[in-house]
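Good morning, everyone, and thank you for making time for this. I would like to walk through one structure slowly, so please have the picture in front of you as I speak.

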Amino acid sequence: MSNTRVAKRLPRDPGPPAWRSIIPEQPRYPKLENKIITDWLIVGGGFAGLSAARRLCQITNTDKIALIEASEIAAGPAGRNSGFMIDLPHELGSGSYQDKIEVDQKHIKLNRQALQFAKDAAEEYSMPTEAVEPSGRINGAVNINGEKHNKEYAQHLDQLGEQYKNLSSFEMEKITGSTFYKSGLFLPGCLMLQPALYISKLANGISQSNGNKFSIYEHSPAIEIKKNNDSWEIKTPTGSVIAKKIIMAVNGHAESFGFFEKRLMHVFTYASMTKKLTKDQLTKLGGEKKWGVTPSNPMGSTVRKITGINGDRIVIRNRWTFDPSMEVSEQRVSKFGNDQDKSFNDRFPMLLDVEMEYRWAGRLCLSLNSVPAFGEVDKNIFSACCQNGIGTAKGTLAGIGAVDLATNTDSAIVNDMKSYDAPKKLPPKPISYLGANAIIKWRELKAGKEL
Ligand SMILES: Cc1cc2nc3c(=O)[nH]c(=O)nc-3n(C[C@H](O)[C@H](O)[C@H](O)COP(=O)(O)OP(=O)(O)OC[C@H]3O[C@@H](n4cnc5c(N)ncnc54)[C@H](O)[C@@H]3O)c2cc1C
């Protein structure tokens with residue numbers, strides 16, 4: 001292996017970062033324009049990178065910490081997701097075997113550690129309430145399959161001793177204003193984030209509380225990583241960093257540097273956000289001021305009604321594509337916008353006059369065997385990548401875990417992360433591309449009305 005790794009590509013985020021566009025202007029950070037020397041360099045300013053930064057600031061005294069972000073804080077996937085910070089695994093182990101129950105209980109406990117981290121940060125940095133709200137989510141069912149899934153899920157929750165509430169179609173209408181849902185399963189432990197507000201305030205809170213110890217640079221992508229005796233030199237287009245240790249928190253872009261090659265699946269999903277709803281539209285809609293519905297079929301639509309600094313809106317996310325190039329076109333975003341419009345109109349026929357203000361897409365990283373890309377990947381380079389689609393909680397854990405690993409801190413997160421196999425190798429590119437997209441399409445078709 002050569003001593004130098006050059007980034008094969010840099011992140012491109014299609015469409016506007018809607019969640020950030022509806023909050024007041026947040027502090028911006030300088031571009032790296034000189035050579036700096038630091039103890040720690042964090043590459044990537046999403047959930048993993050910023051959680052690593054906060055953890056490092058908490059457990060080191062005099063160490064210098066720098067974070068470089070290719071784009072701007074909260075403009076990438078961390079600021080463009082649907083904001084469900086989920087404590088329960090999507091799939092719970094079936095059957096009543098004690099070992100499966102214990103595995104699920106361990107994961108729930110760890111996920112809740114991530115949720116607690118977000119709640120503590122919200123309190124410490126005086127974030128507005130809408131940044132992090134403990135309002136729970138509903139798994140909505142629109143047909144018999146969805147109802148069956150929710151019933152089985154509830155049975156597993158009984159085995160785990162977890163709380164939930166069954167909601168009738170009438171109760172679903174009272175909450176969402178929509179008659180579309182046949183029933184629902186209310187899961188109270190989920191935190192609802194305004195993702196761009198949370199990520200922006202997290203970055204700003206860490207910076208403000210740590211003075212000269214911690215600095216953030218935006219528009220400063222790592223383009224080359226080179227070994228220099230016992231340190232690393234990282235180049236950006238206009239500057240460079242000499243660092244003793246690196247935390248790679250770039251999710252799927254780890255592969256752009258040759259880490260976990262042919263083992264990471266790069267996937268996009270698509271979303272639209274309405275214009276501010278008028279008083280008249282809100283009356284027609286009815287229901288509660290804010291709620292979040294995840295689909296009981298993972299290929300279905302995620303829908304949120306939000307209320308906050310910038311009025312009341314509905315956000316809808318659906319469709320998936322597998323894109324090993326890690327790029328999708330604006331045309332694709334606009335084409336899939338038609339699917340969001342259809343799903344919106346199916347659910348809210350009383351709001352046919354409502355227009356979408358923003359449409360966007362975002363990258364996620366999965367592995368075939370649903371494991372993280374975690375650990376020391378070269379001497380003093382620690383990976384906190386591949387969150388398998390649920391990165392608000394898993395990215396937070398990966399960031400904290402990478403720091404614990406790098407500082408030899410005894411940690412339940414590290415013990416868990418180290419217990420997984422490596423991400424499985426993918427089939428050769430044309431096969432994986434055609435195969436994965438065919439499977440996605442087939443599953444979306446099967447999701448039917450849930451879309
Ligand atoms: C539309 C949508 C909806 C979603 N909904 C949810 C949800 O409700 N709940 C949930 O848990 N997850 C959701 N996700 C997934 C979630 O957003 C991701 O899993 C999460 O953002 C991953 O966090 P991360 O910090 O690992 O990576 P990212 O958030 O991708 O952050 C990595 C950062 O690294 C930067 N970077 C990359 N390369 C370089 C480089 N060379 N130099 C410097 N910086 C670099 C990127 O610009 C980026 O900001 C959703 C995603 C999308 C797109």
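Let me begin with a question: by class, how many nonpolar, polar and charged residues does the lining of the second largest pocket have? Before I answer, please keep in mind that what we are looking at is a predicted model. The answer is that this lining has seven nonpolar, two polar and six charged residues. The second largest pocket holds about 270 Å³ of space, and of the 15 residues that line this pocket, the closest to its centre are E255, K262, P324, L426 and K429. If you want to find the pocket by its secondary structure, look for β14, residues 265–274, and α11, residues 429–447, since each of these elements supplies at least two residues of the lining.

From the pocket, let us turn to the cavities. Rolling a probe the size of a water molecule over the atoms shows where empty space is left. A search of the whole structure finds three cavities of 30 Å³ or more, and I will speak about two of them.

In the largest cavity there is about 130 Å³ of space, and among the 14 residues of its lining, those closest to the centre are E133, K290, R304, K305 and I306. Which element gives the most to this lining? That is β16, with four residues; β16 covers residues 302–308, and together with β15, residues 291–295, it belongs to the strands that each supply at least two residues here. When we sort the lining of the largest cavity by class, we count four nonpolar, five polar and five charged residues.

The second largest cavity has about 60 Å³ of space, and its lining includes I22, I23, E130, Q194, I306 and R313. Two or more residues of this lining come from β16, and likewise from β17, which spans residues 311–322. Here, too, β16 holds the largest share, this time with three residues, while the lining by class has four nonpolar, five polar and two charged residues. You may have noticed I306 in both accounts: I306 is one of the residues closest to the centre of the largest cavity, and I306 also lines the second largest cavity.

Since β15 has come up already, let us see how this strand is placed. Is β15 mostly covered or mostly exposed? It is mostly covered, with five of its five residues buried, and this holds on both faces, for W291, V293 and P295 lie on one side and G292 and T294 on the other. As for the neighbours of β15, strand β6, residues 137–141, pairs with it in the parallel sense over three bridges, and within that pairing T294 is the bridge partner of N139. With β16, by contrast, β15 pairs in the antiparallel sense, over three bridges, where G292 stands opposite R304. The link between β15 and β16 is a hairpin of six residues.

There is also an open sheet of three strands, ordered β4-β9-β5, with antiparallel pairing. Why is one side of β4 and of β5 left without a neighbour in the sheet? It is because β4, residues 84–85, and β5, residues 132–133, stand at the edges, each having a single partner strand. Between β4 and β9, which runs over residues 191–193, there are two bridges, and one pair to look for is F84 with its bridge partner M192.

I will finish with two helices. An α-helix has 3.6 residues a turn, so residues three or four places apart point the same way. Helix α8, residues 330–347, has 18 residues and reaches 26 Å from its first C-alpha to its last. Its buried residues are V333, F336, G337, Q340, S343, F344 and R347, and seen down the axis of α8 they fall within an arc of 140°, so they line one face of the helix. Turned away from that buried side are the exposed residues Q331, K335 and K342.

Helix α4, residues 144–160, has 17 residues and reaches 24 Å, close to the 24 Å expected at 1.5 Å a residue. In α4 the buried residues are G146, N150, Y153, A154, H156, L157 and L160, and their arc, seen down the axis, is within 160°, so these residues also line one face of their helix. On the other side of α4 you will find I144, N145, K148 and K151, which are exposed.

Terms used:
Residues are numbered from 1 along each chain as its sequence is written. This is a predicted model: local features need pLDDT of at least 70, side-chain atom pairs count only at pLDDT 80 or more; totals for chains, interfaces and linings use all residues. Side-chain values use heavy atoms; hydrogens and water are left out. On a 1 Å grid over the protein atoms alone, a cavity is a set of points where a 1.4 Å probe fits but cannot get out, and a pocket is an open set with protein on both sides within 12 Å along at least five of seven lines; lining residues have an atom within 4 Å of a point. Grid points are joined across faces, edges and corners, and a volume is the space filled by probe spheres set on the points. Ala, Val, Leu, Ile, Met, Phe, Trp, Tyr, Cys and Pro count as nonpolar, Asp, Glu, Lys and Arg as charged, and the others, Gly among them, as polar. Buried means under 20% relative accessible area, exposed over 50%, partly exposed in between (1.4 Å probe, protein chains only). Two strands pair if DSSP finds at least two bridges between them. The expected span of a helix is 1.5 Å times one less than its number of residues. The arc is that of the directions from the helix axis to the C-beta atoms.
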